[in-house]
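Reader: I'd like a close look at one part of this model, the sheet and whatever packs around it. Could you walk me through it in one go?

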Amino acid sequence: MKIILTGSTGMVGEGVLEECLHNPLVEQVLLINRKTAGVSHPKVREVLHPDFYDITPLVDQLKGYDACLFCMGVSSLGMKEDDYYKVTYTLTLSFAKTLAAFNPNMTFCYISGSGTDSSEKGRLMWARVKGKTENDLMKLPFKAVYNFRPAMLKPSKGARNVLPAYKYYGFLYPFLRPLSPGFFLTLRELGCAMIRAAANGYPKNILETRDILALSK
């Protein structure tokens, strides 16, 4: 497969990219970033673009790809709903609509999060916004859309873009995962599941942690 990947300068995207580099199902990866990920690999080509709300200047470079693994995202901590909505819903849908217009046979895989609210009416602001994002992505004319809802993720070995909170609990991971297998995943497992969903499909459009784990094996 030829894959477009966003978010490779963040923890999740970096881990998914690492899996793409080693997975035989992936032939080529196009990274779209605001700043360089600093990755040199025969599979990888990178395009720097400052405005993810408008990727129409890139359309000639986006054609012919089989899947997009959309790993961009921000924490809602300390953000007002309007601001979070803009960088989560508006940006993602703007990006996805352009891809769908030029790649209708593409599969779109979106990183959402455990606890996302599909009803769009719940108490948690971030969960409502993520739910609306998932729902509206599934209305776009892609070949398929899969929404991934991981909970806690173990960073890849040697990862450079690790969030501080993950550094503190990482050493506990081997002890915590057996106690709650439906809550903990590795980034390798997430990346593998995304690639397999893009390649072979999956019966559900929304994949919770247990779905992700099962698909990665």
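To get started: which residue stands opposite Ala67 in E5?

Author: Thr107 is the residue in E5 that stands opposite Ala67. Keep in mind that this is a predicted model. That pair belongs to a parallel match between strand E4, residues 67-70, and strand E5, residues 107-111, joined by four bridges.

Zoom out a bit and you get the whole sheet. It's an open one with seven strands, paired in parallel and ordered E3-E2-E1-E4-E5-E6-E9. At the edges sit strand E3 (44-48) and strand E9 (206-208), each pairing on one side only. On average, neighbouring strands of the sheet are turned by 20 degrees against each other, direction ignored. Helix H3, residues 81-102, packs on this sheet and touches E4 and E5 along with strand E1 (2-6) and strand E2 (28-33). The direction of H3 makes about 170 degrees with that of E4.

While we're on H3, have a look at Leu93, which lies in that helix. Leu93 counts as buried because its relative accessibility is 4%. Leaving out residues up to four places away in sequence, Leu93 touches Thr133, Asp136, Leu137 and Leu140. Tyr53 is 40 residues from Leu93 in sequence, and the two C-alpha atoms are 8.6 Å apart.

Next, follow the sheet over to strand E6, residues 144-149, where you'll find Asn147. Asn147 has 0% relative accessibility, so it counts as buried. Setting aside neighbours within four places in sequence, Asn147 is in contact with Tyr110, Glu134, Leu137, Met138, Asn205, Ile206 and Leu207. So Leu137 turns up again: it's among the contacts of Leu93 and of Asn147, though it is the latter list that includes Tyr110.

Now for the nonpolar packing. In soluble globular proteins, nonpolar side chains tend to be buried together. Here the largest nonpolar core has 35 residues, and the members touching the most others are Leu69, Phe148, Leu190 and Met194. At least two residues each come from E1, helix H1 (11-22), E2, E4, E5, E6, helix H7 (187-200) and helix H8 (209-216). H7 gives the most to this core, with seven residues. Apart from it lies another core, of 29 residues, which includes Tyr84, Leu91, Tyr110 and Leu140.

Back in the largest core, Met194 is a handy one to click on. Not counting residues up to four places away in sequence, Met194 touches Val16, Leu69, Cys71, Cys109, Ile111 and Phe148. Val16 and Met194 also both help make the contact between H1 and H7. The axes of those two helices come within 8 Å and cross at roughly 65 degrees, and the crossing is right-handed. On the H1 side the contact is made by Met11, Val12, Gly15, Val16, Glu19 and Cys20, and on the H7 side by Leu187, Arg188, Leu190, Gly191, Cys192, Met194 and Ile195. Cys192 has a relative accessible area of 3%, so it's buried.

With those cysteines about, you may wonder about disulfides. The count comes to zero. Take Cys109, one of the residues Met194 touches: the nearest cysteine sulfur, that of Cys68, is 8.3 Å away, against a cut-off of 2.5 Å for a disulfide. Cys109 also counts as buried, because its relative accessibility is 0%.

Methods: Residues numbered from 1 in each chain as written. Predicted model: local features only at pLDDT ≥ 70, side-chain atom pairs only at ≥ 80, totals over all residues. Heavy atoms only, no water. Pairing = 2+ DSSP bridges. Axes fitted to C-alpha atoms, helices over the stretch in contact; angles between N-to-C directions. Contact = heavy atoms within 4.5 Å. Buried < 20%, exposed > 50% of the residue type's maximum accessible area, 1.4 Å probe, protein only. Core = buried A, V, L, I, M, F, W, Y, C linked by side-chain atoms within 4.5 Å. Left-handed = near helix turned anticlockwise from the far one by under 90°.
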